[in-house]
Amino acid sequence: MIIKRINNTSSNEFKKAVELGDRNSKTLGFLPLVAFEKYAKQNQLLGAFEKSNNELLGYLLYRVSYNRVTIVHLCINETNRKKNTAKRLVDHLKKNTKQYDGIKLSCRNDYGIDKVWEKFNFVPVREKIGRSKKGLPLTIWWFPHYQQNLLTQISEYELNNKIVAVIDMNVFLDLKDERQQESLALKSDWLLSEVVLYYTREIHNEINKATTPELKQSSRNLLKNFKELPFKDEDDFSQILEELKDKFPQKNENDKSDLKHLAYSITGGAEFFITRDSVILDNKKFFQKYNLTIYRPSEFITHLDENIQVSKYRPQSLIGTNLSSIRVKSDNIDTFTTTFLKPSERKSHFQKIIRNSLAFPDRFELLTISKNDTLLAFLIFDRTQDDELKIPVFRFLKNNLKTTLSKHLLFKSILTSIKENRRVIEITEKYLDDDIISNIKEARFVETGDSWHKININAVLHSKDINKQIDGKLSTKSVIEKIDESFIQDNNNNQSFFKKYHYERYLSPLKLIDLEIPNFIIPIKPHWAEALFNDKSEQKLALFEPEYELLLNRENVYYRSSTSRILQAPARILWYVSKNKSSNEKGSIIATSYIDEIFIDNPKKLYKQFQKLGVYKWKHIAETAGKNETIMAFVFSDTELFKRSISLKNIYDQFEILEGKRFMPVTPRKIKSETYLSFYKLGMDL
C-alpha cells in the first residue's frame with residue numbers, strides 16, 4: 001500500500017476518488033465536484049493505493065482553517081475495509097500536518113464507530129446538532145499536535161513550580177457527584193495555590209460513554225475547573241501503554257481506560273497520580289521507574305506539606321521575615337563546619353576551604369543566611385580570577401525556604417557577576433543536593449566535568465558573531481557545546497528561532513539582533529515598580545531589601561486587565577514607569593524582562609495560583625479586574641535593571657524616529673526589535 005496526494009483533477013485516480021465518495025454520500029454527506037477539485041488542487045486529497053495495480057483502496061480529504069486541520073471525508077472502498085487503510089491515511093495526515101495545532105473531525109453518533117477514532121488516539125471533546133433533516137447529534141473528535149516549543153499552550157511555569165497531579169475518572173466523578181469525602185478535600189481553595197490538578201485526554205472517552213447528552217455535558221462543564229495534561233508524543237504514549245498492558249491484565253473497558261490514563265500521565269510529565277483503584281495502588285513501586293508517584297486522595301493531602309517543601313518556589317515566603325547574615329570568623333568555624341558538613345566529607349578538608357577563604361577577605365566573600373538564629377545556608381564566593389566568579393561552597397539545610405533561597409541566590413550571583421563584568425560563573429561545590437542541582441539547571445548553568453558553568457555575554461550582537469565573544473578556554477568551549485546539545489534534545493520545530501532564543505537566554509544578558517521575537521513596552525505604576533524592582537542595597541552581593549527581601553527574583557508575576565490581549569509569550573518587554581504624581585517625576589523606562597507564560601482566567605483562581613509568587617494581595621487583583629470576569633497574569637523572568645533610566649523625552653524622540661508614531665504610554669505597545677534594542681543599549685550604556 002502506498003499513500004500519495006491526488007492533485008491532478010483530470011487523472012483517473014481523481015475520478016475514482018470522486019466515484020467512491022459519491023457511492024458513500026449517504027454517510028459522508030454529499031460533496032459537489034467543484035469542492036473535490038478545490039481540495040485536490042490545494043494538495044488536501046490523499047489516496048491509498050495498492051502497489052501492484054494502483055487500485056484505489058480509500059481516500060482522505062481535509063481542509064485547513066484557523067491553524068487547524070479538519071477531516072472532511074475518510075472513505076474506504078467497501079471491498080478493502082479492515083485492512084488498516086484508514087489508519088495508514090490518518091497516520092500520514094498526522095505526520096504531515098505537525099505545523100498546525102491539531103486535527104478535528106465530526107462524526108454522527110449513530111454510526112457507532114467511536115472505537116475507531118479512539119484507536120486513532122482522537123478524543124471526543126463536545127457534541128453538536130448535525131445538519132441532517134432529523135438533526136441527529138454529531139460528536140467533535142480532536143487530536144492535538146504538541147508543538148515542542150515555547151509558543152505552546154503548555155505552561156512550563158506550572159510544570160516547574162507547581163505540584164502537578166493527575167486525577168483519574170473515579171476521583172473526577174467523586175468531585176462531580178460530591179461522593180467519597182476523601183476526594184472532596186481536593187476541592188479546597190488553599191490547594192489551588194500549591195497544586196495544579198490535571199486530567200488526561202482519556203477522560204473525554206470515558207465521558208462519552210455516558211448514557212445521555214445531559215450527563216456528558218455536565219461532566220464536560222466540570223472539566224473547565226481543571227487542566228488537560230499535555231499530550232506530547234504519540235509514539236512515547238504507545239510504547240508506555242504497551243509496557244503497562246504487559247504488567248496489568250485488562251478484563252474490561254474500564255481497565256483499558258485506566259492504563260491509558262497512566263500512560264498519558266507518564267508521557268505528560270505528571271509527578272503524581274491520584275486514584276482509588278486498588279490494583280494501581282497495590283503496585284505503587286512499579287511506577288517509580290516512570291517517576292510517577294501513586295496516591296489515594298487522602299494520602300496526597302497528608303503528604304502535601306512534605307511535597308511542597310521539595311518542589312515549590314515560593315518567593316513570597318520570605319517577604320517580611322527576619323533574615324540575617326552571620327559573619328564567619330576563625331573562632332566559630334567549628335559551628336559552621338559541624339552544621340554544613342556533608343556525611344561523606346572530611347571535616348579537615350571542609351575547614352581548610354573555610355580557613356583559606358577567611359585568609360583573603362579581598363578575594364573571598366563568605367555568606368551565611370539565618371532566620372531567628374537558625375542557620376539556613378552557607379556560600380563562598382571566590383573572586384580570585386578577574387573574569388570569573390567561582391562558588392566553591394553552595395550549601396543549604398533542609399527547611400521550607402531551601403528552594404526559594406537557592407533560586408534567589410543563584411539569580412543574584414548571576415546579576416552580581418554581570419555587574420562586576422565577570423564573563424564566567426563556576427559552581428565547584430562537590431556535594432550538591434538533587435533539588436539544588438535542579439535549581440542550578442533551571443538557572444541555565446550547564447554541567448562540564450565536575451562543575452557547573454554559566455557564561456555571561458554583555459553585548460548586543462548578531463548570532464553569527466557569538467563565537468567571537470567566547471574565549472579560547474577549553475571549559476568555555478565545553479559550555480557552548482553543552483548548550484548546543486541541550487538545544488538539539490529539546491527542540492524539533494522552528495530550529496532557527498529556538499537556536500537563537502536558546503543562546504540569548506543561556507548567555508544572558510546577551511541580546512541578539514537577528515532574533516525574531518515579539519517586543520513590548522508595558523506601563524507600570526510607580527508603587528508597583530518600587531515593590532517589584534527596587535534594589536538599592538550596596539552590598540557586594542545584593543541580597544535582601546528591608547521590607548521586601550525577595551522581590552527582584554529571577555521569576556515573578558504581574559497582573560493587568562485582560563481586555564487588551566496584545567501580549568504574547570515568549571517575548572521581551574521594557575518596563576515603563578508612569579508619572580509619579582506625588583513627586584511630580586515624569587515617566588521613564590527602567591528595566592527589561594522576558595514574558596514566559598500568559599494566563600487569562602478568573603481573578604480569584606489566578607490569585608490563588610500565584611499568591612506565593614510576588615507582592616500582590618487580593619484587593620489589588622480585585623481592583624485591577626474591576627467588574628470583568630477575567631484578568632491577565634503573566635509570568636516574567638530574568639529582569640535586568642537599567643544602569644540609567646530612559647527619560648520620557650528620550651522615549652518620545654526615539655519612538656518618533658524608530659516607530660514613526662507618537663508614544664502613548666497607556667496600554668502595552670508592541671514595538672520593533674530595532675526599537676527594543678535601541679532602548680536596551682541606551683539603558684545599559686552599551
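**Reading the fold, one feature at a time**

Tutor: Let's start with P570, which sits in the loop between β23 (555-561) and β24 (571-577). Bear in mind that this is a predicted model.

Student: Okay. What kind of peptide bond joins A569 and P570?

Tutor: General idea first: most peptide bonds are trans, and most residues other than glycine have a negative phi. Now the case here: the bond between A569 and P570 is cis, with omega at about 0°. A cis peptide bond also joins S508 and P509, where omega is about 10°. P509 is in a loop too, the one between α23 (495-506) and β21 (511-512).

Student: You mentioned phi. Which value does phi take at N291?

Tutor: N291 has a positive phi, about 60°, and it isn't a glycine. Look for N291 in the loop between α14 (278-281) and β12 (293-295). N291 counts as exposed because its relative accessibility is 65%, and the cut-off for exposed is over 50%.

Student: And D638: is it buried or exposed?

Tutor: D638 is buried, at a relative accessible area of 11%; buried means under 20%. Its phi is positive as well, near 50°, in a residue other than glycine. D638 belongs to strand β26 (residues 631-647).

Student: Let me zoom out. How many helices and strands does the chain have?

Tutor: The chain has 28 helices and 27 strands. It runs to 686 residues, and 53% of them count as buried. If you take the contacts with a separation of 6 or more, 69% are between residues 24 or more positions apart.

Student: Can you give me a pair of residues far apart along the chain? Where does S561 lie?

Tutor: S561 lies in strand β23. Try S561 with T667: they're 106 residues apart along the chain, with 9.7 Å between their C-alpha atoms. Leaving out residues up to four places away in sequence, S561 touches T624, N628 and M632.

Student: On to the interior. How many residues are in the largest nonpolar core?

Tutor: That core has 47 residues, and L60, F122, L244, L262 and F287 are the ones with the most contacts inside it. Helix α13 (residues 253-268) supplies the largest share of this core, five residues. Another core of 29 residues lies apart from it, with A529, Y558, W575 and F610 among its members.

Student: Which residues does F122 touch?

Tutor: Setting aside residues up to four places away in sequence, the partners of F122 include the tryptophans W117, W141 and W142. F122 also touches K94, R201 and N205, among others.

Student: Now helix packing. How do I describe two packed helices?

Tutor: You give the angle between their axes and the distance between the axes. Take helix α12 (residues 234-247) and α13: their axes come within 9 Å and cross at roughly 130°. That angle makes α12 oblique to α13, and the crossing is right-handed. The α12 side of the contact includes F237, I240, L241 and L244, and the α13 side includes L259, L262, A263 and I266.

Student: At what angle do the axes of α19 and α20 cross?

Tutor: Helix α19 (residues 402-419) and helix α20 (residues 434-442) cross at roughly 35°, with their axes coming within 10 Å. The crossing is right-handed. K402, T403, S406, K407 and L410 of α19 make the contact with D435, I436, N439, I440 and E442 of α20.

Student: One last helix: which residues of α17 are buried?

Tutor: Here's the general idea. An α-helix has 3.6 residues a turn, so residues three or four places apart point the same way. In α17 (residues 333-340), the buried residues are I333, F336, T337 and F340. Seen down the helix axis, they fall within an arc of 100°, so they line one face of α17.

Student: What covers the buried residues of α17?

Tutor: The cover includes α18 (347-358) along with strands β14 (364-371), β15 (374-382) and β16 (388-396). Helix α18 packs on α17 at an angle of about 130°, with the axes 10 Å apart. That makes α17 oblique to α18, and their crossing is right-handed. In this contact, α17 uses I333, D334, F336, T337, T338 and F340, while α18 uses K347, F350, Q351, I354, R355 and L358.

Methods:
Residues are numbered from 1 along each chain as its sequence is written. This is a predicted model: local features need pLDDT of at least 70, side-chain atom pairs count only at pLDDT 80 or more; totals for chains, interfaces and linings use all residues. Side-chain values use heavy atoms; hydrogens and water are left out. Buried means under 20% relative accessible area, exposed over 50%, partly exposed in between (1.4 Å probe, protein chains only). Helices (H or I, at least four residues) and strands (E, at least two) are DSSP runs, numbered from the N terminus. The arc is that of the directions from the helix axis to the C-beta atoms. Contact means heavy atoms within 4.5 Å. A nonpolar core is a set of buried Ala, Val, Leu, Ile, Met, Phe, Trp, Tyr and Cys residues joined through side-chain atoms within 4.5 Å. Axes are lines fitted to C-alpha atoms, for helices over the stretch in contact, and angles run from 0 to 180 degrees between N-to-C directions. Angles under 35 degrees count as roughly parallel, over 145 as roughly antiparallel, 65 to 115 as roughly perpendicular and the rest as oblique. A crossing is left-handed if the near helix is turned anticlockwise from the far one by less than a right angle, and right-handed if clockwise.
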